[in-house]
Amino acid sequence: MEIYKKNVDRKIVDDIKNKFLQHRRFSLAKDQYTATVYDNFYAVALTVRDMLIDKWIITQQTYYNENYKRIYYLSLEFLIGRALGNSLLSLKIYDEFCVAMEELGLDIEQLRDEESDAGLGNGGLGRLAACFLDSFATLEYPAYGYGIRYDYGIFHQKIIDGHQIEEPDNWLKMGNPWEIERPEFEIRIHFYGNVSTAKDEKGKTIYKWINTKDVFAMPYDMPVPGYDNNTVNTLRLWTAKPTMEFDFQVFDAGNYMEAVEEKNRSENITRVLYPNDNTEQGKMLRLKQQYFFVSASLIDIIRRFLKYNKDFKIFPDKVAIQLNDTHPAIAIPELMRILTNDYNISWRDAWDITIRTFAYTNHTLLPEAMEKWPVALIEHLLPYHMRIIYKINQEFLTAISMRYPGDIDRLKRMSIIDETGEKYVRMAFLAIVGSHSVNGVAKLHTELLKNEVLKDFYEFFPDRFNNKTNGITQRRWLLKANPYLSDLITEKIGDGWIKDLYQLKKLESFIDDDEFLDKWHKIKVINKVKLAEYIKKEVNIEVDINSIFDVHVKRLHEYKRQLLNILHIIHLYIEIKSKPDDDFVPRTFIFGAKAAPGYYMAKLIIKLINSIANVINNDAYIKNKIKVVFLPNYRVSLAEKIFPASDVSEQISTAGKEASGTGNMKFALNGALTIGTLDGANIEIAEEVGNENIFIFGLTVEEIKKLLMQGYNPRSYYDKNHSLKKVIDLIANDFFSSDNPGLFQPIVDELLFRDPYMHMADFKSYVDCQKKVSHEFLDKKNWIKKTVINVANMGRFSSDRTIKEYADEIWNAKPLPIVINTNN
């Protein structure tokens, strides 16, 4: 961002300087001589946090005083990125901070780069949750996020010899200036033990959870400011603490490791995001994480409810809890446990309260991603909850039997307990049965849930199913990430779009304004130059800013088809080598992706990308017509550099596999044109921007279904398509792995003999569509117009729209503006 010295408030600038110097001296015990760059960042962050505190306190006071219905968003991930820039923009004091720091001899941009990305998430699930937090606060909804304060993020990715290497993401190493510890709200969480039974004086059976092993959940709060208002909501994150920090007697006896064993075992619960669950210990730890944060959050929610309410019958009128995927689904039996055991509410009343309180968002169509836990594991770790789950399932199966008498197959299909082999609890089924709303995250996704994946449940609970297409916050992904384009847009249509993205539609009136189009194009070039400089610095590859920046950044999974992109790159390489004198539109292919540590094929694909890059980038014969770049450690702050510089957005998942996607929205909002399948939110983007302003290819969901019914033979495409055969043969013949023959044979075998994600079937369509991309890129003016049209039609994809739909149609919640009396 640039420093603008005009129109800054001098009083605010001087106040910033004074507070910054005070924090540097009195909070950090540093001066201008001893302070590091990170110290100066920390002092800036504390200064900004001070500016949020009054609003934060008044916001929470108002929520209590008005006793409004509150929204609680339970998510195992919150991929919030960095907080400083976002907070400065929300407070509308970015320019004042720029000037204040410059007058102190500091650079606000350098200080912002010192902040670590918060290690609280991994992919789209967590980023969606972060966008929702921003929209909650900006739209002034009384809302809270609940999650886990991980000591380490999923991992820090390094690329060594082309391979992904995972290193600890120690994001808290230097502290977190935004969080405030709340030890007064520490909560005891139970695990293991057994369930005892006894009779009360009325002969009723009483169940007690005894002999448990406990840990404490310690809350840390982070402020979430709304844009240009007084609302500051809370993200509350839990960290695990032992019930006994240190066994002095054991230590005194010389058993030093044993003395802290309990501490380490407890703290392991929140040590790392997504521990590898390929082992029994890993599965146990993941389930512990889920129950730990869910139990703490529910107890905290109930504490807050009881402050001004006594009757649990109105609990759903005051509390809405959204389950972000199945990770928090254990909250359903936990709330039943708390209501029936701790507050003596009858099972029938407790179940009614539970259903009316919870709503569930489904994020996947992949059967393997539909979470399920072994019954034996739950019985061992959470014996009380397994008893409750059995009872919920028994009552549910009874209801099914009454509606569909004698339909044994339906009972088996819909049972929460999968008894086909080892017994499992199907968490998605539990979430559906225990919630009043079940939503998908794109129109196609929701229809597939209703008609295929969860068809039985849709037939049983038709009124529960609904669609809420995902969205993104324009404050992060345009205003913050692309300040040059934001300034141009504001210059032309005003700044109303920052809170109402539909106002971008006004940009269409400028698509024939040559001066505007020229400015628009120059901004794209500036952003490409910045990204090119970053690429040179990070991976030492020089790229042509006049080439098409063709970008594929997202989690590495086979269904997202980074491999299809690779096949096309090899095809182009072969074409250039065979026809070196032909005209060719230069391309820079940019990848960013993390593969799950235990996902062998995904990690091998990363190696293949880097091996291809090594060959192509060092082949002087092709004269730099294509370059391949893999940017390590893809994260939010890197995404903010990539999206504004992109020309082409790769959204090429197999049709019917991507629930929604939000990267597609971020690219389009920054003026990149989409090449994609009719999958997820791509379909809705095409509806908004028009088919002439997006590049669609590939088999549809129905065509894939038909092909599979006929019997899909991927090898036949290899035999019939000469170009595809050349590509596969180049990989199989170790052209990209001459030093390690056979390295990529598993990929070749997967493509030729299985190919569940239809790479071979979609190859020709993809190549033909990419030719169209190159051809249209040559018509610069028309390409620029298409990018303007894309940006202008992104209003529907704001997370503000999504949150309003949730609030109106699921939560029945209303905004509550925060008023600050300036006379006090």
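Is aspartate 581 buried or exposed? The points below address this residue and two other regions of the structure, which is a predicted model.

1. Aspartate 581 is exposed, because its relative accessible area is 71% and the cut-off for an exposed residue is over 50%. This residue lies in the loop that runs between helix α23 (562–578) and strand β19 (587–592).

2. Asp581 also belongs to a patch of negative charge on the surface. The patch is formed by Glu575, Asp581, Asp582 and Asp583.

3. Alanine 45 has its place in helix α2, which comprises residues 37–66. Alanine 45 is buried, because its relative accessibility is 0% and a buried residue is one under 20%.

4. The surroundings of alanine 45 may be described further. When neighbours within four places in sequence are set aside, alanine 45 is in contact with Pro177 and Trp178. In addition, the C-alpha atom of alanine 45 is separated by 9.2 Å from that of serine 87, a residue 42 residues apart from it along the chain.

5. Helix α31 covers residues 745–753, and its buried residues are Ile747, Val748, Glu750, Leu751 and Leu752. On helices in general, the student may recall that an α-helix has 3.6 residues a turn, so residues three or four places apart point the same way.

6. Several helices help to cover the buried residues of α31, including α23, α24 (600–617), α29 (714–720), α30 (722–732) and α32 (759–777). Helix α23 is also the element that precedes the loop holding aspartate 581.

7. Just after α31, the backbone at aspartate 755 adopts a positive phi of about 45°.

How values were computed
Residues are numbered from 1 along each chain as its sequence is written. This is a predicted model: local features need pLDDT of at least 70, side-chain atom pairs count only at pLDDT 80 or more; totals for chains, interfaces and linings use all residues. Side-chain values use heavy atoms; hydrogens and water are left out. Patches are made of residues with over 30% relative accessible area and no salt bridge: like charges are joined within 9 Å, nonpolar side chains (Val, Leu, Ile, Met, Phe, Trp, Tyr) within 5 Å. Accessible areas come from the Shrake-Rupley method with a 1.4 Å probe; for residues, only the protein chains shown count as cover. A salt bridge is a side-chain nitrogen of Lys or Arg within 4 Å of a carboxyl oxygen of Asp or Glu. Lys and Arg count as positive and Asp and Glu as negative; His and the chain ends are not counted. The place of a charge is taken as NZ of Lys, CZ of Arg, CG of Asp or CD of Glu. Helices (H or I, at least four residues) and strands (E, at least two) are DSSP runs, numbered from the N terminus. Buried means under 20% relative accessible area, exposed over 50%, partly exposed in between (1.4 Å probe, protein chains only). Contact means heavy atoms within 4.5 Å.
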